[in-house]
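Below are some notes on the model, set out as numbered points. Please read them with the structure open beside the text.

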Amino acid sequence: MNFEYRSYPNKIIFGTPILDALEQETDQPKKIFVIGSSRYNELINEIRSLPNIEVIHHFEDVIQHVPKSSVDEAIGFLKNFDADIILAIGGGSAVGLAKGMVLQQPLPIWSVTTTYSGSEVTNIYGVSTDGKKDVGRNDVVMPEKVFYDPALSISLPLSLASTSATNALAHLVEAVYSHKINPVTYELSMLGIKHLLKGIRSLAEKQKLTEETNEDLLFGAYLAGKSLCEVTMGLHHKTAHVLGGNFGMEHSAVHTVILSYALAYQWEYLSDDLKTDLKRIFDSKNPPASLKKMIEAMGAESTLKNIGFNKNDIPEAAKQICAIEFESPAPIEPAGIESMLEKAFNGKI
């Protein structure tokens, strides 16, 4: 009980229909620059009709891993308008673009969350240039308000719901063994794991999103993002960012695959108390293996081979992971990381 804890300033609006929530939060006129792919055109048109909201531009070019070229293009449009707010609608890519923009043009970000990414409640950004992803922290990118309307995520296809939920779970699992963990974040992380596991088991059993499952996953994802912001991430996230940003792997898919193997790699170095807590909350004597089975039961891929990673890239990927400075319970060295990636490629825990 000797710790430091920092709480970050943002407002969470959970469960209120998005149009009602936006109207409640704009008691004064606001000029809003909207980021959102074309699939949200109908919603954006409804937002245009709200009192006190003027949508001054809708930027549709939302790309995974946030290419710097997209950031520069969006800022080029932003400079033509006197915006009060950047409103990001979507998952991590949309809010990631907003974050890349405000690093250069500081403005409040409001995030309308439609997946389980968690990025919407963090001060973490990532921008890719020439295939390399620069990831950092800066409080200026922390969204000011975050809207969780379950109606916006209930229609997620099973494939995306599965990988997005597992991505959120990865934030929590890595948070509890972070060197920066504290009692507050630990308890919130365990609560998030509880809700996400409940939702993941429901997805595996019913093979679809129900309203209750979606709310469990959305609430767990919020806590996952909160924990991600409050402590540092380690091996799992560094591996996923290298494979995603530098080897072109799909973000949530690579997070989903790596989680079981990264936890297995760390397992023997975790404290007995943490192992006990994880065994209890997973209801399993072998959480890494249990987690892999749950991922497969949802229908998600659980090997690097099946998401298109080239086995010949393992040595280079391991080299890049080991070149990153981060704290880890287990030693980080090329031979061990190559072994972990080989197991992840072949599906062996």
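1. A residue is called buried here when its relative accessible area is under 20% and exposed when it is over 50%, with partly exposed in between. By that cut-off E215, whose relative accessible area is 43%, is partly exposed. Please keep in mind throughout that the model is predicted.

2. On the overall fold, the protein has 13 helices and 8 strands. Its radius of gyration is 20 Å, close to the 20 Å that the globule rule gives for 349 residues, so the protein is as compact as a globular protein of that length. Taken along the principal axes, the C-alpha atoms fill a box of roughly 55 × 45 × 40 Å. Of the 349 residues, 56% count as buried, and among contacts with a separation of 6 or more, 75% are made by residues 24 or more positions apart.

3. Turning to the strands, strand 2 (residues 30-35) runs parallel to strand 3 (residues 53-59) and is joined to strand 3 by 6 bridges. Strand 2 also runs parallel to strand 4 (residues 85-90), with 4 bridges between the two. F33 illustrates both pairings, since its bridge partner in strand 3 is H57 and its bridge partner in strand 4 is I86. The connection from strand 2 through helix 2 (residues 41-48) to strand 3 makes a right-handed β-α-β unit.

4. Helix 7 (residues 211-230) deserves a closer look, and one may begin with its length: how far does helix 7 reach from its first C-alpha to its last? The span is 29 Å for 20 residues, which is close to the 28 Å expected at 1.5 Å a residue. The helix is mostly covered, with 16 of its 20 residues buried. E215 lies in this helix and, as said above, is partly exposed. Leaving aside neighbours within four places in sequence, E215 is in contact with F14 and P150. The C-alpha atoms of E215 and A151 are separated by 9.5 Å, although the two residues are 64 residues apart along the chain.

5. The structure holds 9 salt bridges, and several of them can be followed in and around helix 7. E212 forms a salt bridge with K198, with the closest N and O atoms 3.1 Å apart. This pair links distant parts of the chain, given that E212 is in helix 7 and K198 in helix 6 (residues 183-206), 14 residues apart. K198 also forms a salt bridge with D216, where the closest N and O atoms are 3.5 Å apart. Here too distant parts of the chain are linked, K198 in helix 6 and D216 in helix 7 being 18 residues apart. As to accessibility, K198 is partly exposed because its relative accessible area is 44%, whereas D216, at 8% relative accessibility, counts as buried.

6. A further salt bridge is found within helix 7 itself, between E230 and K226, and the closest N and O atoms are 2.9 Å apart. These two residues both lie in helix 7, 4 residues apart, about one turn of the helix. An α-helix has 3.6 residues a turn, so residues three or four places apart point the same way. Are E230 and K226 buried or exposed? Both of them are buried. Elsewhere, salt bridges that share partners join K11, E25 and K145 into one network.

7. S252 is placed in helix 9 (residues 251-267), and S252 counts as buried because its relative accessibility is 6%. Not counting residues up to four places away in sequence, S252 touches L160, T163 and S164. The C-alpha atoms of S252 and K238 are separated by 14 Å, the two residues being 14 residues apart along the chain.

8. Lastly, helix 11 (residues 287-297) contributes the buried residues P287, P288, S290, L291, K292, M294 and I295. Against which helices do the buried residues of helix 11 pack? They pack against helix 5 (158-176), helix 6, helix 9 and helix 10 (272-282). Helix 11 is followed by G299, whose phi is positive, near 95°.

Note on methods. Residues numbered from 1 in each chain as written. Predicted model: local features only at pLDDT ≥ 70, side-chain atom pairs only at ≥ 80, totals over all residues. Heavy atoms only, no water. Pairing = 2+ DSSP bridges. Right-handed = clockwise from strand over helix to strand, strands pointing away. Expected span 1.5 Å × (residues − 1). Buried < 20%, exposed > 50% of the residue type's maximum accessible area, 1.4 Å probe, protein only. Salt bridge = Lys/Arg side-chain N within 4 Å of Asp/Glu carboxyl O. Rg over C-alpha atoms; globule rule 2.2 N^0.38 Å. Contact = heavy atoms within 4.5 Å.
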